[in-house]
Amino acid sequence: MFGLFKSQPAHRDIGPVAAQELIAAGAPAVDVREPAEFAAGAIQGSVNVPLGAVQMQGIAALRNAGIDVDATHLVLICRSGNRSGVACGILRDTLGERAHNLAGGVIAWAQQGMPLTPGGA
């Protein structure tokens, strides 16, 4: 009863396998880590839009990076899943349930044996 008025996040936390499937199906992968972190190793095909840019510009930061914000699904990524969860929250009004947070971030991705490439190339 006490949880009745507790707001629920609009985004969904997903694991590495589900994220990989969405990305393979064409979902944009948005990495919200800082540029140096992204350059050191990122999910192939991901686009770097630092959390600070999302905090300042909202959905415009993704648009400015060339990301299809009208895609059916978008996967947001960071090191551990915390910053990407924050980004999902910021983008909630625009993306709603289309935003998926990679739970565990690139740490969980790498632990599953999935590759990271310099700068997502």
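This passage walks through the fold, the sheet and a few individual residues of a predicted model.

Start with the overall picture. The chain carries seven helices and five strands, and reading along the sequence gives the pattern β-α-β-α-β-α-α-β-α-α-β-α. As for size, a compact globule of 121 residues would be expected to have a radius of gyration near 14 Å, and the chain comes out at 14 Å, so the two agree. Along the principal axes, the C-alpha atoms take up a box of roughly 45 × 30 × 25 Å. Some 45% of the 121 residues count as buried. Among contacts with a separation of 6 or more, 66% are between residues 24 or more positions apart. The accessible surface adds up to about 6300 Å², and carbon and sulfur atoms own 55% of that. On the charge side, there are 8 positive and 9 negative side chains, with the centres of the two sets 5 Å apart.

Now to the sheet. The five strands form an open sheet in the order β1-β5-β4-β2-β3, and the pairing is parallel. The edges are taken by β1 (residues 12-14) and β3 (residues 47-48); each has a single partner strand, so one side of each has no neighbour in the sheet.

Strand β4, residues 74-77, is a good place to look at the pairing in detail. Three bridges tie β4 to β2 (residues 29-31), the two running parallel. Within that pairing, V30 has L76 as its bridge partner, while D31 sits opposite I77. Another three bridges link β4 to β5 (residues 99-102), again in parallel. Here V75 is partnered by H100, and L74 is partnered by A99. Both faces of β4 are covered as well: L74 and L76 are buried on one side, and V75 and I77 are buried on the other.

Strand β5 tells a similar story. A99 and N101 point one way from β5, H100 and L102 point the other way, and all of them are buried. Besides its link to β4, β5 is joined to β1 by three bridges, with the strands running parallel. In that pairing the bridge partner of R12 is H100. H100 therefore turns up in two pairings, with R12 of β1 and with V75 of β4. Polar N101 deserves a closer look, being part of β5. The relative accessible area of N101 is 4%, below the 20% cut-off, so the residue counts as buried. Setting aside residues up to four places away in sequence, N101 touches H11, R12, D13 and I14, along with L76. The rest of the contact list for N101 is G81, S84, G85 and C88. L76, one of these contacts, is the β4 residue bridged to V30 of β2.

V49 is another buried residue, though from a loop: V49 is found between β3 and α3 (residues 51-57). With a relative accessible area of 2%, V49 falls under the 20% limit and so counts as buried. Leaving out neighbours within four places in sequence, V49 is in contact with V30, D31 and V32, and also with V54, A61, L62, A65 and I67. V30 and D31 appear in the β2–β4 pairing too, opposite L76 and I77 respectively. R63 lies 14 residues along from V49 in sequence, and the C-alpha atoms of the two are 10.0 Å apart.

N82 makes a handy contrast. This residue lies in helix α5, which covers residues 82-90. N82 has 58% relative accessibility, over the 50% cut-off, so N82 counts as exposed. N82 and I67 are separated by 15 residues in sequence, and their C-alpha atoms are 21 Å apart in space. I67 is also one of the residues in contact with V49.

Conventions:
Residues are numbered from 1 along each chain as its sequence is written. This is a predicted model: local features need pLDDT of at least 70, side-chain atom pairs count only at pLDDT 80 or more; totals for chains, interfaces and linings use all residues. Side-chain values use heavy atoms; hydrogens and water are left out. Buried means under 20% relative accessible area, exposed over 50%, partly exposed in between (1.4 Å probe, protein chains only). Helices (H or I, at least four residues) and strands (E, at least two) are DSSP runs, numbered from the N terminus. Two strands pair if DSSP finds at least two bridges between them. The radius of gyration is taken over C-alpha atoms; the globule rule is 2.2 Å times the number of residues to the power 0.38. Contact means heavy atoms within 4.5 Å. Accessible areas come from the Shrake-Rupley method with a 1.4 Å probe; for residues, only the protein chains shown count as cover. Lys and Arg count as positive and Asp and Glu as negative; His and the chain ends are not counted. The place of a charge is taken as NZ of Lys, CZ of Arg, CG of Asp or CD of Glu.
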